[in-house]
Amino acid sequence: MINAPRTRQDLCPGALRPWPADDGLLVRLRLIGGALPGAALARLLAVSAEFGDGDVHLTTRANLQLRGLPGCDGQLTPAALAALESTGLLPSRSHELVRNILVSPQTGYAGGRADLRGVAADLDTLLCATPRLAGLPGRFLFVLDDGRGDLLDRRADAGLVALSDADAQLRIGEAWGPVLGLAEAAAALAGLATAFQAARGDGPDAPWHIRELPTPLAPAAPADRRVPTPAGPLPYGPVPGGTHRHVPDGLITPQVGRSLLGAAELVVTPWHGIFVPDP
């Protein structure tokens, strides 16, 4: 497949790079593996009620968006930005656009071959600690499947699939990479992102994805025999470890939000849902 050359940098929105929509500014807040403390959601709904349209919008990458926010010259007002930061969901101004880490929503709660929450957190720490990685495209996506196969059909730039509770196979663009220990996984994924950033260049026509590079970033490997078959989306309703709540149109209204605020921890899923872990 031949990809048309890029003619501009990606414009994925963030809190410091909002998107000008008809109803005001739109911002996106990245969640690592969809993890969302109940207290942060409560605060975010209050911020949306004060500055935006009153709702919190879910994305297909398990992130959050707010709409209708005030600003000037394409930037949020200082009060609106300070309110967003008060939620705790904007831990890095410099790297906010590149914290795109999708993880199996039930990982660590039920099923799967390994708990990948630690790998995801370590990867986020490494990304935010590497100044050059602040320049990754906002569309660059890490996908971590804990071995149940729920995210195998998701296109990834870099990622992994757990093969056991101790090892995983890397995903490098549309190819498989080496098998390695989970203790090495975060560093290996950050290394792939660093190598991609070096290979892509800095111009407006620079690739957004590993698959768009003119030469492979690393040698391809065969899929390990333990790689699972794709399992498809998490069904709505009671599931192992909790309940997967459907959020119609991906819209957390104040009413929907009130029904979720009894939980200390929530997990936004990439299927317009919220996984509510059992107490």
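**Exercise 1. Charge distribution**

How far apart are the mean positions of the positive and negative charges of the protein?

*Solution.* The structure is a predicted model. Count the charges by sign: there are 24 positive and 28 negative ones. Take the mean position of each set; the two means lie 2 Å apart.

**Exercise 2. Overall dimensions**

Compare the radius of gyration of the protein with that of a compact globule of 279 residues.

*Solution.* Begin with the expectation: for 279 residues, a compact globule would have a radius of gyration near 19 Å. The protein has 19 Å, so the value agrees with the globule rule. Next, take the extents along the principal axes: the C-alpha atoms fill a box of roughly 50 × 45 × 30 Å. Then turn to the surface, where about 12,100 Å² is exposed and carbon and sulfur atoms supply 56% of that area. Finally, consider burial: 52% of the 279 residues are buried.

**Exercise 3. Secondary structure and contact range**

How many helices and strands does the protein have, and what share of contacts between residues at least 6 apart in sequence joins residues at least 24 apart?

*Solution.* The count gives five helices and 17 strands. For the contacts, keep those between residues at least 6 apart in sequence; of these, 66% join residues at least 24 apart.

**Exercise 4. His57**

Place His57 in the secondary structure, classify its burial and list its contacts.

*Solution.* His57 belongs to strand β4, which covers residues 56-58. Its relative accessibility is 15%; because buried means under 20%, His57 counts as buried. Its side chain makes a polar contact with the side chain of Asp53, at 3.0 Å. With neighbours within four places in sequence set aside, the contacts of His57 are Asn63, Leu64, Gln65, Arg67, Gly250 and Leu251.

**Exercise 5. Gln197**

Is Gln197 buried or exposed, and which residues does it contact?

*Solution.* Gln197 sits in helix α4, residues 182-200. It has a relative accessible area of 3% and is therefore buried. Beyond its neighbours within four places in sequence, Gln197 touches Arg132, Leu133, Gly135, Leu136 and Pro137.

**Exercise 6. Asp10**

Describe the surroundings of Asp10, including its separation from Phe140.

*Solution.* Asp10 is in the segment before β1 (19-21). Its relative accessible area is 6%, so Asp10 is buried. Outside its neighbours within four places in sequence, Asp10 contacts Arg17, Pro137, Gly138, Arg139 and Trp208. Phe140 is 130 residues from Asp10 in sequence, while their C-alpha atoms are 9.9 Å apart in space.

Terms used. Residues are numbered from 1 along each chain as its sequence is written. This is a predicted model: local features need pLDDT of at least 70, side-chain atom pairs count only at pLDDT 80 or more; totals for chains, interfaces and linings use all residues. Side-chain values use heavy atoms; hydrogens and water are left out. Helices (H or I, at least four residues) and strands (E, at least two) are DSSP runs, numbered from the N terminus. Buried means under 20% relative accessible area, exposed over 50%, partly exposed in between (1.4 Å probe, protein chains only). A polar contact is a pair of N or O atoms within 3.5 Å; within protein, one must be able to donate a hydrogen and the other to accept it, and residues adjacent in sequence count only if both atoms are side-chain atoms. Contact means heavy atoms within 4.5 Å. The radius of gyration is taken over C-alpha atoms; the globule rule is 2.2 Å times the number of residues to the power 0.38. Accessible areas come from the Shrake-Rupley method with a 1.4 Å probe; for residues, only the protein chains shown count as cover. Lys and Arg count as positive and Asp and Glu as negative; His and the chain ends are not counted. The place of a charge is taken as NZ of Lys, CZ of Arg, CG of Asp or CD of Glu.
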